[in-house]
Amino acid sequence: MIKVAAKQPQSLILTIADMARSNPPMTRSFVAELSRHLHGKGAALALPLTWIEQQLSGSGLTIEQLVFSENQRQSAEQVSMSNSIGSLRSLSAIDWSEFVESTSLVEKALREDPAHTYGIMDFVTRDRYRHVVERTARKSSFSEAELAHKAIGPGKGGGRPEMAKMPSQLMSATTSSTRGWPNSKDRRRCATR
């Protein structure tokens, strides 16, 4: 419309008629954007703005109301987006390894290892051990914390020499035939007791 008004002002009425025939949706975003483009661009472009006002008058609205409403919506979205970005920044600043280790019941149980083997491992290794316990618990009737206690031995080991084998026992627990670890057979046995 702006190009037509600048180059062929006599054809502007036909362009407006085409727009009227296409029956564009009078949504907030459409009206706000069109009025921003047309406003202040010359007297010739007052006609499409008048046509929009007439279309809106049937629903009791004005261009100004829709522009205000659209600005409010965009402002709210901008605040929401800003809050989301701030939240993501906060989440990225959290030390998740510390969070996991401070809240995990499996971690707490495995740290009770009397030989203190588990506690001196690096995070990646401890994380692997926690995952082994979690996977094994899914296949058994025991909770993750119960399995972690079983991994460090009956009665939490009591400083017994076999506690030195705790890491290899735990890592070998990924196979269902590991002796001393609950597997699907143990679950059936527990269920029939």
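**Figure 1. Contacts and helices across the whole chain.** Among contacts in the protein chain between residues at least 6 apart in sequence, 59% join residues at least 24 apart. The model shown here is predicted. The protein chain holds 11 helices and 0 strands. Read from the N terminus on, the elements run α-α-α-α-α-α-α-α-α-α-α. The chain has 193 residues, and 29% of them count as buried.

**Figure 2. Helix α5, residues 63-93.** Helix α5 has 31 residues. From its first C-alpha to its last, α5 reaches 45 Å. That is close to the 45 Å expected at 1.5 Å a residue. Which residues of α5 are buried? They are I63, L66, V67 and E70. The buried residues of α5 pack against two helices, α3 (28-38) and α4 (46-57).

**Figure 3. Close-up of E70.** Look for E70 in helix α5. Is E70 buried or exposed? Its relative accessible area is 2%, and buried means under 20%, so E70 is buried. Leave aside the neighbours within four places in sequence, and E70 is in contact with R28, S29, A32 and R36. One of these contacts, A32, is itself a buried residue of α3.

**Figure 4. Helix α3 and the residue that follows.** The buried residues of α3 are V31, A32, L34, S35 and L38. Three names in that list, V31, L34 and L38, return in the next view, among the residues with the most contacts inside the largest nonpolar core. Just after α3 comes G40. G40 takes a positive phi of about 75 degrees.

**Figure 5. The largest nonpolar core.** This core has 15 residues. Those with the most contacts inside it are V31, L34, L38, I52, L56 and I63. Which elements give two or more residues to this core? They are α2 (12-22), α3, α4 and α5. Now pick out I52. Not counting residues up to four places away in sequence, I52 touches M26, V31, L34 and I63. A second, separate core has 12 residues. A109, M121, Y129 and A148 are among them.

**Figure 6. Where α8 meets α9.** Helix α8 covers residues 123-138, and helix α9 covers residues 144-151. Their axes come within 9 Å. The axes cross at roughly 120 degrees. Angles of 65 to 115 degrees count as roughly perpendicular and those over 145 as roughly antiparallel, so α8 and α9 are oblique to each other. The crossing of α8 past α9 is right-handed. Which residues make the contact? From α8 come V133, E134, T136 and A137. From α9 come E144, L147 and A148. A148 is also part of the second core.

**Figure 7. Two loop residues with positive phi.** Most residues other than glycine have a negative phi. The two residues in this view have positive values. Start with N23, in the loop between α2 and α3. Phi of N23 is near 50 degrees. N23 counts as exposed, at 57% relative accessibility. Next comes H116. Where is H116 placed? It sits in the loop between α7 (105-110) and α8. Phi of H116 is near 60 degrees, a positive value in a residue other than glycine. With a relative accessible area of 54%, H116 is exposed.

Conventions. Residues numbered from 1 in each chain as written. Predicted model: local features only at pLDDT ≥ 70, side-chain atom pairs only at ≥ 80, totals over all residues. Heavy atoms only, no water. Helix = DSSP H or I, 4+ residues; strand = E, 2+ residues; numbered from the N terminus. Expected span 1.5 Å × (residues − 1). Buried < 20%, exposed > 50% of the residue type's maximum accessible area, 1.4 Å probe, protein only. Contact = heavy atoms within 4.5 Å. Core = buried A, V, L, I, M, F, W, Y, C linked by side-chain atoms within 4.5 Å. Axes fitted to C-alpha atoms, helices over the stretch in contact; angles between N-to-C directions. Parallel < 35°, antiparallel > 145°, perpendicular 65-115°, else oblique. Left-handed = near helix turned anticlockwise from the far one by under 90°.
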